[in-house]
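Reader: I am new to this structure and would like a close, careful look at one part of it, with its surroundings added afterwards. Please explain each term with its cut-offs as you come to it.

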Amino acid sequence: MVKNVAAPNLGKAHTFSISDGKDTYTIKNASVLSYVRTSIINGNENRKTLGRAIYLYYKAADAYFNQGD
């Protein structure tokens with residue numbers, strides 16, 4: 001589990017593994033933006049709205065934190 005993801009790190013990829021003790025399922029290169037994309041494409045209207053809002057928040061944070069680049 002990834003907790004407390006700062007706004008400029010919403011696109012940072014992580015590897016997640018889930019195991020039942022016998023089999024393990026691993027997801028590589030997943031980020032908050034992975035959830036955003038899935039929400040916008042496959043979610044109900046509330047999830048789509050949430051996905052769009054998180055994406056706009058990420059874009060604003062990215063612009064703010066990369067002003068000097």
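Author: What follows begins with the paired strands and then moves outward to the segment before them and to the helices. The model is a predicted one, in which local features need pLDDT of at least 70 and side-chain atom pairs count only at pLDDT 80 or more, while totals for chains, interfaces and linings use all residues. Residues are numbered from 1 along each chain as its sequence is written, and side-chain values use heavy atoms, with hydrogens and water left out.

Helices (H or I, at least four residues) and strands (E, at least two) are DSSP runs, numbered from the N terminus. Strand 1 covers residues 14–19 and runs antiparallel to strand 2, to which five bridges join it; two strands pair if DSSP finds at least two bridges between them. The two strands make a hairpin with four residues between them, and in that turn Gly-21 has a positive phi of about 95°. Two of the facing positions can be named: His-14 stands opposite Ala-30 in strand 2, and Ser-19 has Thr-24 as its bridge partner there.

Thr-24 deserves a longer look, since its place is in strand 2 and it touches Ser-17, Ile-18 and Ser-19, if residues up to four places away in sequence are not counted; contact here means heavy atoms within 4.5 Å. Is Thr-24 buried or exposed? Buried means under 20% relative accessible area, exposed means over 50%, and partly exposed is in between, with a 1.4 Å probe and protein chains only. Thr-24 has 52% relative accessibility, and therefore counts as exposed. Its C-alpha atom is separated by 32 Å from that of Arg-52, which is 28 residues apart from it along the chain.

Further along strand 2, which spans residues 24–30, comes Ile-27, and this residue counts as partly exposed because its relative accessibility is 36%. Together with Ile-18 and Tyr-25, Ile-27 forms a nonpolar patch on the surface, the three having about 330 Å² of accessible area together. Patches are made of residues with over 30% relative accessible area and no salt bridge, where like charges are joined within 9 Å and nonpolar side chains (Val, Leu, Ile, Met, Phe, Trp, Tyr) within 5 Å. The areas come from the Shrake-Rupley method with a 1.4 Å probe, and for residues only the protein chains shown count as cover.

Asn-29 also lies in strand 2, and although it is not a glycine, its phi is positive, at about 60°. Such a value stands out because most residues other than glycine have a negative phi. Asn-29 counts as exposed, at 61% relative accessibility. Asn-4, placed in the segment before strand 1, likewise has a positive phi, near 55°, and counts as exposed at 79% relative accessibility.

Beyond the hairpin, helix 1 (residues 32–42) contains Ser-39, which is buried because its relative accessible area is 0%. Leaving aside residues up to four places away in sequence, Ser-39 touches Arg-47, Lys-48 and Gly-51. In helix 2 (residues 45–65) one finds Ala-53, whose C-alpha atom is separated by 9.0 Å from that of Val-36, 17 residues apart along the chain.

Lys-48 also takes part in a salt bridge with Glu-45, their closest N and O atoms being 3.9 Å apart; the term means a side-chain nitrogen of Lys or Arg within 4 Å of a carboxyl oxygen of Asp or Glu. Glu-45 and Lys-48 are three residues apart in helix 2, so about one helical turn separates them, and Glu-45 counts as exposed at 53% relative accessibility.

The structure holds one aromatic pair. Tyr-64 and Phe-65 form this pair, which is edge-to-face at 5.0 Å centre to centre with 85° between the planes. Rings of Phe, Tyr and Trp (its six-membered ring) pair if their centres lie within 6.5 Å, and planes under 30 degrees apart count as stacked, over 60 as edge-to-face and the rest as tilted. Tyr-64 is exposed, with a relative accessible area of 54%, whereas Phe-65, at 48% relative accessibility, counts as partly exposed.
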